[in-house]
Amino acid sequence: MARNWFLQEIIAATVLLMILSATPVVQAQTQAQEAGRRISQLSSDERQAVMELMMNLMSRDSFEKRMEQVREQMLAQVSEVAAQQKRPLPYDASERMQRAMKNAISYEDILYLTADAYVKHFTAAEIREIAGFYTTPVGRKLARLQPEIMADIMPKISDTINDRVLKAMQREGLTIRSVSSNQ
């Protein structure tokens, strides 16, 4: 069981490193700025429609809550690794992580990146129609509950993927051995 957990952590860390190395912070900031420029070039009617939709899909409050959840999950993982390596975290690690995340990505960045994706796939009329749905009681409920729904779904998806990838790796003869002889 401990070995399975270790393999899962290695896979998760590898995927995270691949994502981080593939999209450096500067590149991510540039992408958000470029998306913001593209959105600002839309007609005022189109820009208003897509930005209203984005804010209905994700309020600032739900963004802040999601970022807090991500920060807590990341801090728990970092704390666990630090404990395994017998390296204590600084007493203010939580505050540092919070500052790092706030400096790394803003609500506006997420809105622009999401809006940019929507305008690539939907016409202005379609965006208005989608926005109209999110002004209905069911649409508002969906927008409000979507973070909770995703929080329910993502661990299950992650666990399923990790389990299946580990088994597939083992079938392919790709096993990961710990440097410690007792694992």
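**Exercise 1. How do the axes of α3 and α6 cross, and within what distance do they come?**

Before we start: this is a predicted model, where local features need pLDDT of at least 70 and side-chain atom pairs count only at pLDDT 80 or more, while totals for chains, interfaces and linings use all residues. Residues are numbered from 1 along each chain as its sequence is written, and side-chain values use heavy atoms, leaving out hydrogens and water.

Step 1. Find the helices (DSSP runs of H or I, at least four residues, numbered from the N terminus): α3 spans 44-57 and α6 spans 107-121.

Step 2. Their axes (lines fitted to C-alpha atoms over the stretch in contact, with angles from 0 to 180 degrees between N-to-C directions) come within 9 Å and cross at roughly 120 degrees. That makes α3 oblique to α6, the class left after under 35 (roughly parallel), over 145 (roughly antiparallel) and 65 to 115 degrees (roughly perpendicular).

Step 3. Look at the contact (heavy atoms within 4.5 Å): Met54 and Leu57 are among the α3 residues making it, and Leu111 and Tyr118 among those of α6. Leaving out residues up to four places away in sequence, Met54 touches Leu111, Thr114, Ala115 and Tyr118.

**Exercise 2. Is Asp116 buried or exposed, and which side chain does a polar contact join to that of Asp116?**

Step 1. Place Asp116 in helix α6.

Step 2. With a relative accessible area of 5%, Asp116 is buried (under 20%; exposed is over 50%, partly exposed in between; 1.4 Å probe, protein chains only).

Step 3. The partner is the side chain of Arg38, at 2.6 Å. A polar contact pairs N or O atoms within 3.5 Å, one able to donate a hydrogen and the other to accept it; residues adjacent in sequence count only if both atoms are side-chain atoms.

Methods
Helices (H or I, at least four residues) and strands (E, at least two) are DSSP runs, numbered from the N terminus.
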